[in-house]
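Student: Hey, could you take one small part of this protein and walk me through its surroundings? I'd like to see how a single spot fits into the whole thing.

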Amino acid sequence: MSVQDRIGSSRRFLAYGIAFCLAFAIGFNSSAQGEPQASPPAAKPDVAADPPAAPEAETPPPKPEPDWTDIDSWVGPLAEGGVKFNLRARYSHADFAGLKRSNVGTVRTRLGYGSKPLFGLSGFVEMENIVAIDNGAYFDAIAPNTRGRSVIADVEDTEVNQAYVKFQRKDWLGLNAIVGRQRIKLDDDRWIGNVGWRQNEQTYDAGRIQTTLGLEGLLLEYAYLDDVRRIFGDEGLPGAGTRDFESNSHLARAEFTVASWLKVVGFTYILDIRTAPVFSTNTFGGRITGNVPINEDWSVAYQGSYAFQTDGGTSGGTNPVNFGVHYVYGEIAPRFGPLGAIGIGYELLGSDNGTARLTTPLSTAHKFNGFADVFLNNGGVNGLQDVYAFIAPNLPWGFKGKVIFHQFYSHHRTRDLGHEVNAVVTRKIGKYITLLGKYGYFHQHRRAPGLANRVRWTAELNFAF
């Protein structure tokens, strides 16, 4: 599909969605309006009371919705909307064995504006710019790597990060619908996420609808993904793995929250990636999470997930490999309020007898399997097992920290791949500023082919309102 065809397709997709939301909102509102109900009569005072009780105040009549024929009703929500601003300044270092070191300062700026709802309809648009202080001092993952430097995948770019129309009515069975370019994060981002760690986040040209069906604790949702706007800014040669994804994908998810100690999720993700068929898959799974209070000081948080993935794809995106693989995840973390938390976990990213691997092309992969980003490919065709432990102490002076140790094995034949140590510390300053420091060191096992020692660290300042 040519660039012009893709632009035309996205514009038509957005235009149809906007027209549908407008017609749906206005048509229903005009047909559903009626006379406000009379307020109930005031209760009579209790004659036995001494002194007599004052009569109850009358309930005010419900506030009428704006008149859609009044031009001020349309202009007001646009003029009275809100501005969102975010600036993230970062200095990053990467040192991979066999490559030159990379060091770079990058600044990401986002500026967005959202309208107030009108009959449940609102809109939001956000621009994003990323600049590097010295773009010759690092390799941003856009091939070729002519300087032989270590990867820091923060690409310079200027783009429309989000632009969508939203229709939300809680009184319509908790309806929430969004059409356009948007951020989508599902559960822990393991399957569908925004890659929020990178300066250029991942967003989606998509349509998404949610409903509670009027039932407390229930949430049902469906999304159609037309294009995936990836972290590389659609740069690089075709086939190099850094271009945006043309998609014909479907996401379905059901969530039920019993209480704070149990939330159950079931999901089906049908990915049809036309421009990268190797990522076209069908994934079916479930997830449970909760936090169990023991007493005033002690609690235990847990999470667990299982999924089965097969090859998939249609309409030109059929996966060329036939496979079936498993995903397993579990974590438990006791917390003692005055001191902090400790935890252990295990994650399996399965292999089909060394011929194919489980893939998660839309996930926030940096969040899993170590900050050094060694296993963004989920361990390759041999799969990956990650056994980890962490401690998250309560630090003085408002700091928050976490130290994690990972031990990695392949799934196929269970070979030792190496281990990694991670640390992260954050500090909130007032309402708008957050400081962050992050470190990752991966040590390769001497018999692990294709891997190498690597170090990453980042210092960051965030300002947002």
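Tutor: Sure! First, a bit of vocabulary: helices and strands here are DSSP runs, numbered from the N terminus, with at least four residues for a helix and at least two for a strand. In this predicted model, the protein has two helices and 18 strands. Let's zoom in on one of those strands, E6, which covers residues 203-211 and includes glutamine 210.

Is glutamine 210 buried or exposed? The cut-off for buried is under 20% relative accessible area, and glutamine 210 has 15%, so it counts as buried. Now for its company. Skipping residues up to four places away in sequence, glutamine 210 touches Gly174, Leu175, Asn176, Leu219, Leu220 and Glu221. With glutamate 221 there's also a polar contact: the two side chains are joined at 3.3 Å.

Let's zoom back out. Of the protein's 465 residues, 44% count as buried. In soluble globular proteins, nonpolar side chains tend to be buried together. Here, the largest nonpolar core has 43 residues, and Trp191, Ile192, Tyr204, Leu251, Leu362 and Phe375 have the most contacts inside it. Take phenylalanine 375: leaving out neighbours within four places in sequence, its contacts are Asn369, Leu384, Phe408, Leu417, Phe442 and Leu451. There's a second, separate core too, made of seven residues, among them Ala153, Val155, Ile231 and Phe232.

And the outside? The protein exposes about 23,700 Å², with 61% of that supplied by carbon and sulfur atoms.

Methods
Residues are numbered from 1 along each chain as its sequence is written. This is a predicted model: local features need pLDDT of at least 70, side-chain atom pairs count only at pLDDT 80 or more; totals for chains, interfaces and linings use all residues. Side-chain values use heavy atoms; hydrogens and water are left out. Buried means under 20% relative accessible area, exposed over 50%, partly exposed in between (1.4 Å probe, protein chains only). Accessible areas come from the Shrake-Rupley method with a 1.4 Å probe; for residues, only the protein chains shown count as cover. A polar contact is a pair of N or O atoms within 3.5 Å; within protein, one must be able to donate a hydrogen and the other to accept it, and residues adjacent in sequence count only if both atoms are side-chain atoms. Contact means heavy atoms within 4.5 Å. A nonpolar core is a set of buried Ala, Val, Leu, Ile, Met, Phe, Trp, Tyr and Cys residues joined through side-chain atoms within 4.5 Å.
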